[in-house]
Amino acid sequence: MMRLPKFVYHTPRTIAEAVRIIGDVGPEAQFVAGGTDLYPNMKRRQQMPKTVISVMRVPELNQVTGDGSRGLVIGASVTLTEIVESEIIKTQYPVIASAARMISTPILRNMGTIGGNLLLDTRCNYYDQNYEWRKAINFCLKKDGDVCWVAPGSSKCWAVQSSDLVPVMVAIGARFRLVSTLGERMIDAAGFYNDDGIDYLKKRPDELLVDIHLPQTNGWRASYQKLRRRGAFDFPVLGVAAYVKYEEPNGALPDGRASDTTVTDARIVLGGIAPSPVQVADAAQALIGKPLDENQIQAAAEAAYIKARPLDNTDFVYQWRKQMARQYTIHALRELM
Ligand SMILES: Cc1cc2nc3c(=O)[nH]c(=O)nc-3n(C[C@H](O)[C@H](O)[C@H](O)COP(=O)(O)OP(=O)(O)OC[C@H]3O[C@@H](n4cnc5c(N)ncnc54)[C@H](O)[C@@H]3O)c2cc1C
Ligand code: SF4
């Protein structure tokens, strides 16, 4: 049985208290929300904080405020089950509810939060193992070793960004609010992830993710497609988020469909294939300025196929995952027609 190492546990009730504790303790402290990622990592001795600070009892982090006409703000500690069941998210931001519904299992979604999902550790076959397994291969660059077993000549870790909500947040243009004792800042989801499996976030360890700001729902639609081995639960080994904004002179029809079909903005974002989400600029260019039809979809899918370079460090043969980038982009865009 894998046991947790010993640690000191805090349950602050305010943002000020949470950031003060982490500021006082320093790099040996870490925040925890549902713990569905952090605690298994601690059991495997991949992360070893001596102080763990729960963010679940801070009221501001547990709220959902606003709506589609003003933009929605989701507290970082809102659970994935609450996201899946929220009427406002289901009706006004259905892509968020549907991506959240694909994450892990109902029990894990009861514990796991949106914030924890957006800050998830990167994954790799040589890393997601217990301590003894990793010790037997002399560890690896990401933790305790000095070689990357995926690319032995590389000085960089290629562990994969494997959150289902990250590509969606990048595609729709969400923003994150971070708070520390030094103040507060907003950062775009698109600029938040580093292409480095070890240093994968542009967040300092002392910064608390307070909430996630979704844009107004004026004229855009988005969808998400996930490739995984088991439909019941599994991390994505490819995720495709598609975002399309239509011309707005007549606005959207009451049923949510766009009244004008010319695409004025588009984003295709691939998850589960690299240390950070991959934006496919050529796919967006193939869509912008034209109506969304089968020809444009095929062109965008081809661009996604060319750009996708999955690595051989998660499930399935990586060449096949590359081909699936084309297919899943087609599925994601057809949903938006
Ligand atoms: C069997 C299994 C299957 C899974 N399947 C999937 C899947 O299919 N898709 C998927 O995306 N994920 C999956 N996960 C991962 C995980 O369950 C989810 O991503 C979940 O949303 C993580 O949230 P959490 O609250 O439990 O995070 P935690 O484990 O509490 O935290 C994760 C990280 O975020 C940090 N953190 C959390 N909240 C804050 C905050 N407010 N401010 C600053 N730092 C913070 C923690 O320090 C930690 O580094 C799976 C996990 C398991 C165990
Ligand atoms: S990509 Fe390389 S360094 Fe990173 S976790 Fe995998 S084996 Fe380790």
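Is cysteine 140 buried or exposed? Select it and see: this is a predicted model, and in it cysteine 140 has 10% relative accessibility, so it counts as buried, the cut-off being under 20%.

Next, jump to cysteine 148. Its relative accessibility is 6%, so cysteine 148 counts as buried too. While you have cysteines on screen, don't go hunting for disulfides: the structure holds 0 of them.

Now select ligand 1 and show what lies around it. You should pick up 34 residues, and the closest are Phe31, Ala33, Thr36, Leu38 and Thr113. Try colouring that shell by residue class: 17 of its residues are nonpolar, 11 are polar and 6 are charged.

Stay with ligand 1 and go through some polar contacts. Start at aspartate 164, where a polar side-chain atom sits 2.8 Å from a nitrogen atom of the ligand. Then click on leucine 209; here a polar backbone atom is 2.9 Å from a nitrogen atom of ligand 1. Finish with lysine 226, which has a side-chain N or O atom 2.9 Å from an oxygen atom of the ligand. To get a feel for the cover, switch on a surface: ligand 1 taken alone exposes 970 Å², and the protein buries 92% of that.

Last stop, the secondary structure around the ligand. Switch to cartoon and highlight strand 2 (29-32), helix 7 (114-118) and strand 8 (208-214), each of which supplies at least two residues of the shell around ligand 1. Linger on strand 2, since the largest share of that shell, 3 residues, comes from there.

Key
Residues are numbered from 1 along each chain as its sequence is written. Chains are lettered from A and ligands numbered from 1 in the order in which they are written. This is a predicted model: local features need pLDDT of at least 70, side-chain atom pairs count only at pLDDT 80 or more; totals for chains, interfaces and linings use all residues. Side-chain values use heavy atoms; hydrogens and water are left out. A disulfide is a pair of cysteine sulfur atoms within 2.5 Å. Buried means under 20% relative accessible area, exposed over 50%, partly exposed in between (1.4 Å probe, protein chains only). A residue is near a molecule or strand if one of its heavy atoms lies within 4 Å of it. A polar contact is a pair of N or O atoms within 3.5 Å; within protein, one must be able to donate a hydrogen and the other to accept it, and residues adjacent in sequence count only if both atoms are side-chain atoms. Accessible areas come from the Shrake-Rupley method with a 1.4 Å probe; for residues, only the protein chains shown count as cover. Helices (H or I, at least four residues) and strands (E, at least two) are DSSP runs, numbered from the N terminus. Ala, Val, Leu, Ile, Met, Phe, Trp, Tyr, Cys and Pro count as nonpolar, Asp, Glu, Lys and Arg as charged, and the others, Gly among them, as polar.
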